[in-house]
Protein chains: 2
Amino acid sequence: MIHSLVLTKNLRTFRKLSGVACVLVGLTTATMVMAQGKDEPIQPITPVKVTNAAKVALGKKLFFDPRLSKSGFISCNSCHNLSMGGSDNLPTSIGDRWQQGPINSPTVLNSSLNFVQFWDGRAKDLQEQAGGPIANPKEMASSHDLAVDVLNSIPQYREEFAKIYGNKKLDIALVTDAIAEFEKTLKTPNSRFDKWLKGDKKAITAQEKKGYALFKDSGCVACHNGEGVGASSFQKMGVIEPYKTQNPAMGRAEVTKEDADRFNFKVPTLRNVELTYPYFHDGAAKTLEDAVMVMGRLQLGQNYTAEETAQIVAFLKTLTGDQPKLILPILPPSQNNTPRPKPFE
Amino acid sequence: MIHSLVLTKNLRTFRKLSGVACVLVGLTTATMVMAQGKDEPIQPITPVKVTNAAKVALGKKLFFDPRLSKSGFISCNSCHNLSMGGSDNLPTSIGDRWQQGPINSPTVLNSSLNFVQFWDGRAKDLQEQAGGPIANPKEMASSHDLAVDVLNSIPQYREEFAKIYGNKKLDIALVTDAIAEFEKTLKTPNSRFDKWLKGDKKAITAQEKKGYALFKDSGCVACHNGEGVGASSFQKMGVIEPYKTQNPAMGRAEVTKEDADRFNFKVPTLRNVELTYPYFHDGAAKTLEDAVMVMGRLQLGQNYTAEETAQIVAFLKTLTGDQPKLILPILPPSQNNTPRPKPFE
């Protein structure tokens, strides 16, 4: 939906991308405009409107509550750490009993802008996503039933759920609904780039402007556009050259079982990309420079010079927005009948 | 120091503890007064005076920064979770590569009131304590050098240290000094019991008052007294009856190498004890009821009835104070030259 909006908004000028036309065959038929300001292919982040503060507050508690994991040690915030750009800054995450996760943990910041959730898009929205890690034996390793039993045993949680959801039975759908409601508030407005988009000409430097021009001219913006600067399409990882990795993830094909979807991944948002290292679905790119050079070569057939790379990186760092200012939640204590964590069983 | 203060303050009435005189032989010659109000053996928590807000802010960042661990996954807050009473609510903690820790994680709340740090008192203060887990191969598994290298590679950290410490070389002493300064702010004033101590007669219920009377009359207060309601002496675990545990910790004897110190542990604070389950150095007591009954029997030769246990537990729950209201810190991002975490190596 976001993507089509972007397409509609920008469907004014079909631009010839010299040298990257071949790329676009494999990509969506994204279009870009060259005029500055509101006609840019990237739009500023719209502010969050909180309509149900009680639900957001409950969701925040749940997001930080490690009792949703079997071990009592891993919370949503463990791998989507809101002190660290909503990610864990590890190539792949650490799960129950220190199991190595299969894929790089995507940032939860601005994740409401993702057109689908997970790298392979197997969840349609944040609520559907939130149920995944809780019950994944390689991640939080609990079960939906156990997580609900834990919450149901704690009077403060029961009361909060009842206040928000009335007589509805406390089940995993309510738990994930509250978590999603909290996550929707995790937008990061007011980046320097957004200020520039809104007309503050001094918000970004000459080097950053050059980087942005190059980002557009060389075709990055074909996939990284809109409010999310990405997050609106699946794209093949390795268009011009194949991407070499030890990581077995097959991307979208794991959902569709279609061979054509092999190595198609959700394009990640570039919002706050300065904070969400390392990069790619396998976390193999340690630095932004690595990521830009590899993407340029593999997706666009561009061999950026060191200077060009530095310009694009400088531009990307202007996408760091206001990080959520959150008061650490105080979690209601377990009761005598609360199922206890089992970290070593 | 705190302990001797308590002794001095309360050295007005030597009270005969019928049935527990034998206990006191093995304990300190603590004394208690029966009058209410300011003559009580427990004193209200004094408020924190922050004199160096910048240092506290830096210490908070460090407390939440998992880059002080080898894996990049474990921060101070992992085992001293400020959402959960400053503890991890596990019998023993989870360390690097999911190693099972040797002992129950003590709460960081009010830890500035501890007369020494760690269960065996091997650190004299919070600063000395803070260096321990960072370099402990079973806990955060980093080294002091590596932790300093990580911080030194990050300009925002360098600037903050320079602003606070001037030209001093960024080393582990500064890191632990800042962490300790933050931890000193983690006091929990305004518990209902403290309000009662200060004269608000309605702050605690009749049942809670009975519990407190029993807590004093049966001798708990011999060790659990002062502002910290404990935390001011070493005491033997298992005075009347031996304490049976699979946990090999020997307590104070591990420091002094004295046989007489075997099974002597620092008396834990009972502040916020409602939140810091499970209990004892081995985390074997799952509930407050368990803890009260075992302590009564082993330390005091008391077999509390269910009603008495409930009264003491009710009193203990009045010791939950205002939890620290903290804005989650935003951590400065790693740079290209920042040593990367090694979670799986």
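## A buried glutamine in a loop

B:Gln117 touches B:Ala123, B:Asp125, B:Leu126, B:Glu128 and B:Gln129, leaving aside residues up to four places away in sequence. The model you are looking at is predicted, so please read every value here as computed from that prediction. B:Gln117 itself sits in the loop between α4 (76–79) and α5 (126–135) of chain B.

Is B:Gln117 buried or exposed? B:Gln117 counts as buried because it has 24 C-beta neighbours inside 10 Å, and 20 or more are needed for that label. You can also look across to B:Lys184, which is 67 residues apart from B:Gln117 along the chain, with 13 Å between the two C-alpha atoms.

## The next residue along

B:Phe118 is also found in the loop between α4 and α5 of chain B. Although B:Phe118 is not a glycine, it has a positive phi of about 75 degrees. B:Phe118 has 19 other C-beta atoms within 10 Å, so it is partly exposed.

Chain A offers a residue to look at in its own loop between α4 (76–79) and α5, namely A:Arg97. A:Arg97 has a positive phi of about 55 degrees, and it is not a glycine either. With 16 other C-beta atoms within 10 Å, A:Arg97 is partly exposed.

## A lysine after helix α5

Moving past α5 in chain B, you reach B:Lys138 in the loop between α5 and α6 (144–152). Its contacts, not counting residues up to four places away in sequence, are B:Gly95, B:Asp96, B:Gln99 and B:Gly101.

B:Lys138 is partly exposed, because 15 other C-beta atoms lie within 10 Å. From B:Lys138 to B:Ala249 there are 111 residues in sequence and 15 Å in space, C-alpha to C-alpha.

## Chain A as a whole

How many helices and strands does chain A have? Its secondary structure comes to 13 helices and two strands. Chain A has 345 residues, and 53% of them count as buried. Among its contacts with a separation of 6 or more, 70% are between residues 24 or more positions apart.

## Two helices with a buried side

Helix α5 (residues 126–135) of chain A has these buried residues: A:Leu126, A:Gln127, A:Gln129, A:Ala130, A:Pro133 and A:Ile134. They lie on the same side of α5(A), because they cover an arc of only 160 degrees around the axis. A general point helps here: an α-helix has 3.6 residues a turn, so residues three or four places apart point the same way. The cover over the buried residues of α5(A) includes α6 (144–152) and α8 (172–183) of chain A.

Helix α6 of chain A can be read in a similar way. Its buried residues are A:Ala147, A:Val148, A:Val150 and A:Leu151. Their arc around the axis is only 155 degrees, so they fall on the same side of α6(A). Among the elements that cover them are α5, α7 (155–165) and α8 of chain A.

## A helix pair in chain B

In chain B, helix α3 (residues 53–64) packs with helix α7 (residues 155–165) at an angle of about 150 degrees, and their axes are 10 Å apart. The crossing of α3(B) and α7(B) is left-handed.

Which residues meet where α3(B) and α7(B) come together? B:Ala54, B:Lys55 and B:Leu58 in α3(B) meet B:Glu160, B:Lys163 and B:Ile164 in α7(B). By class, this contact has three nonpolar and three charged residues, with no polar ones.

## Cis peptide bonds

Each chain has a cis bond for you to find. In chain A, the peptide bond from A:Tyr277 to A:Pro278 is cis, with omega near -15 degrees. A:Pro278 lies in the loop between β2 (264–266) and α12 (288–300) of chain A.

In chain B, a cis peptide bond joins B:Tyr277 and B:Pro278, and omega is about -10 degrees. B:Pro278 is found in the loop between β2 (264–266) and α12 (288–300) of chain B.

## How the two chains meet

The contact between the chains takes 34 residues from chain A and 34 residues from chain B. On the side of chain B that touches chain A, 19 residues are nonpolar, nine polar and six charged.

Chain B superposes on chain A after a rotation of 180 degrees with 0.0 Å of shift along the axis, at an RMSD of 0.0 Å. That is the relation of a two-fold axis. The same surface serves both copies, as 100% of the contact residues of chain B recur in chain A. Of the residues of chain B, B:Ile327 comes closest to the rotation axis, with its C-alpha at 2.2 Å.

Note on methods. Residues numbered from 1 in each chain as written. Chains lettered and ligands numbered in written order. Predicted model: local features only at pLDDT ≥ 70, side-chain atom pairs only at ≥ 80, totals over all residues. Contact = placed C-beta atoms within 7 Å. Nonpolar A, V, L, I, M, F, W, Y, C, P; charged D, E, K, R; others polar. Least-squares fit on C-alpha atoms with pLDDT ≥ 70 in both. Buried ≥ 20, exposed ≤ 12 C-beta atoms within 10 Å, placed from the backbone. Helix = DSSP H or I, 4+ residues; strand = E, 2+ residues; numbered from the N terminus. Arc of directions from axis to C-beta. Axes fitted to C-alpha atoms, helices over the stretch in contact; angles between N-to-C directions. Left-handed = near helix turned anticlockwise from the far one by under 90°.
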